[in-house]
Amino acid sequence: MTKVDNSRQKGILYIVVPCYNEEEALETSARRLLDKLHELKERALISGESRIVFVDDGSRDTTWDLIKGLYEAHEEIKGLRFAHNRGHQNAILAGMMYARKYCDFAITIDADLQQDINAMENFISEYAGGSEIVYGVRNSRNTDGFFKKSSATLFYKIMTLMGCNIYENSADYRLMGTKALEALAEYDEVNLFLRGIIPDIGLRSSVVHFEVFPRMQGKSKYPLSKMITLAADGITSFSIKPIRMVFMMGIMALLVGLGMIIHIVYEHYFGYTVSGWSSILMSIWVLGGAVLLSLGIIGEYVGRNYLETKRRPRYYFWEILSRDERQNDHETGKKV
């Protein structure tokens, strides 16, 4: 049984919700989150100053208008709006970095609420027991199709093989205390992979398992192209093993090349030069493919280092909706 730290009870919770073109799901999700926030307050699990922060990641639909309407109707609602789309990871980070100024702990959850919001009580319980970071891990992937399920399983295995400290089937549904949030603020990289960065912080942590439900409204905003980009960010941000693999491929290519030289000399000596045409073509394709793959891997690292050295801001706030007196800390147009 988790021992409860009384000093960590009834703290201020900020629920951070990244949104991108969520006009179909937002009102339903906001209503459910508000009900959950009120329930947690009534049960004295969180402070009455707890809030919900919707982060609009440059949506092209009416998402921001809906957030403004929710802000006007409910004092518990806040809104952050990016000047343009900066991606799911940046939206989560922006919400957490904003929340750390006001909260004792923050929970991040996707706007479609496929993740079970009833697991929040368990998150808070683990935090009260002393955990500074509480990771949400899915019980299963039964709601995913075959391709997504198999590709996700392969991704986590590759990340573990690459030496990344990551929880299998973890999600961006997690709780972080202010100490963890302040530590996260020290990480300046542009190519974000929060599922790998946050475990690297090293503070006391625990895991809460939750159910995932089918999406009820709208379509997924995380297509295959974005999943591939996230995977590339994760691998290149936390491991140089692909570079070492390129080195090993170079050695193997050299050995194959030496073998081909011996083969060509043998063919020429016995007068079988015509029959060697197929082997030469094969070697050209194999070695050419290896070279292109190697250049692609190296190019990924060079390109990402190039982006990091520019030190450009991760995002730019176009508009902020907040009733707090400390609003001046986050003036509209702030670059982070």
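This briefing describes the nonpolar cores of a predicted model and the packing of two of its helices. Local features need pLDDT of at least 70 and side-chain atom pairs count only at pLDDT 80 or more, while totals for chains, interfaces and linings use all residues. Residues are numbered from 1 along each chain as its sequence is written, and side-chain values use heavy atoms, with hydrogens and water left out.

**Nonpolar cores**
- The largest nonpolar core (buried Ala, Val, Leu, Ile, Met, Phe, Trp, Tyr and Cys residues joined through side-chain atoms within 4.5 Å; buried means under 20% relative accessible area with a 1.4 Å probe, protein chains only) has 37 residues, and L33 and F54 have the most contacts inside it.
- Elements giving two or more residues to this core include β1 (13–19), α1 (26–42), β2 (51–56) and α4 (120–128), where helices (H or I, at least four residues) and strands (E, at least two) are DSSP runs numbered from the N terminus.
- The most is given by α1, with 6 residues.
- Apart from this core lies another, of 32 residues, among them V55, Y102, I201 and Y315.

**Surroundings of L33**
- Leaving aside neighbours within four places in sequence, L33 is in contact (heavy atoms within 4.5 Å) with I15, V17, I52, F54, I109, L113, I117 and M120.

**Packing of α1 and α4**
- The helices α1 and α4 pack at an angle of about 40 degrees, with their axes (lines fitted to C-alpha atoms over the stretch in contact, with angles from 0 to 180 degrees between N-to-C directions) 11 Å apart.
- In this packing, L33, K36, E39 and L40 in α1 meet M120, E121 and I124 in α4, and by class the contact has 4 nonpolar, no polar and 3 charged residues.

Conventions
Buried < 20%, exposed > 50% of the residue type's maximum accessible area, 1.4 Å probe, protein only. Nonpolar A, V, L, I, M, F, W, Y, C, P; charged D, E, K, R; others polar.
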